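The following briefing addresses the chain displayed below. It proceeds by topic, from individual residues to the fold as a whole.

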Amino acid sequence: MDIQKLISISVTLAVLMVSTGQTPKVLRAVRLAQLQLIKDSQASKWGTPMLLPNR
């Protein structure tokens, strides 16, 4: 995929997210995905990550 297309899609999604008021939900989903990625890639000697509390 061309980087210009990826940037265009990202900007479009960001504008839609802000215009519909879904920013907090999307940011939370991104943070949870990042934490899950860190947790899945951790070595066995690492401690447990501090996860966000579920409401």
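In this predicted model, Gln36 is partly exposed, because its relative accessible area of 42% lies between the 20% limit for buried and the 50% limit for exposed residues. Gln36 is placed in helix 2. Its C-alpha atom is separated by 8.9 Å from that of Leu51, a residue 15 positions away along the chain.

**Helix 2**

- Helix 2 covers residues 23–41, and Ile38 is found within this helix.
- Ile38 has a relative accessibility of 41% and therefore counts as partly exposed, being neither under 20% nor over 50%.
- Between Ile38 and Arg28 there are 15 Å in space, taken from C-alpha to C-alpha, for a separation of 10 residues in sequence.

**Helix 1 and the residue that follows**

- Helix 1 runs over residues 3–19 and includes Val11.
- For the 17 residues of helix 1, a span of 24 Å is expected at 1.5 Å a residue; the C-alpha atoms at its ends are 24 Å apart, so the model agrees with the expectation.
- Gly21, located just after helix 1, adopts a positive phi of about 80 degrees.

**Nonpolar surface**

- Ile3, Leu6, Ile7, Val11 and Val15 together make a nonpolar surface patch of about 440 Å².
- Val11, one of the patch residues, has a relative accessible area of 48% and is therefore classed as partly exposed.
- The value for Val11 also satisfies the patch criterion, because a patch residue must have over 30% relative accessible area.

**Overall form of the chain**

- The chain contains 2 helices and 0 strands.
- Its radius of gyration is 15 Å, whereas the globule rule gives 10 Å for 55 residues; the chain is therefore more spread out than a compact globule.
- Along the principal axes, the C-alpha atoms fill a box of roughly 40 × 35 × 10 Å.

**Burial and accessible surface**

- What share of the 55 residues counts as buried? The figure is 4%.
- The accessible surface of the chain amounts to about 5200 Å².
- Carbon and sulfur atoms account for 65% of that accessible surface.

Conventions. Residues numbered from 1 in each chain as written. Predicted model: local features only at pLDDT ≥ 70, side-chain atom pairs only at ≥ 80, totals over all residues. Heavy atoms only, no water. Helix = DSSP H or I, 4+ residues; strand = E, 2+ residues; numbered from the N terminus. Rg over C-alpha atoms; globule rule 2.2 N^0.38 Å. Buried < 20%, exposed > 50% of the residue type's maximum accessible area, 1.4 Å probe, protein only. Areas by Shrake-Rupley, 256 points an atom, 1.4 Å probe, with all protein chains shown as cover. Patch = residues over 30% accessible without salt bridge, like charges linked within 9 Å, V, L, I, M, F, W, Y side chains within 5 Å. Salt bridge = Lys/Arg side-chain N within 4 Å of Asp/Glu carboxyl O. Expected span 1.5 Å × (residues − 1).
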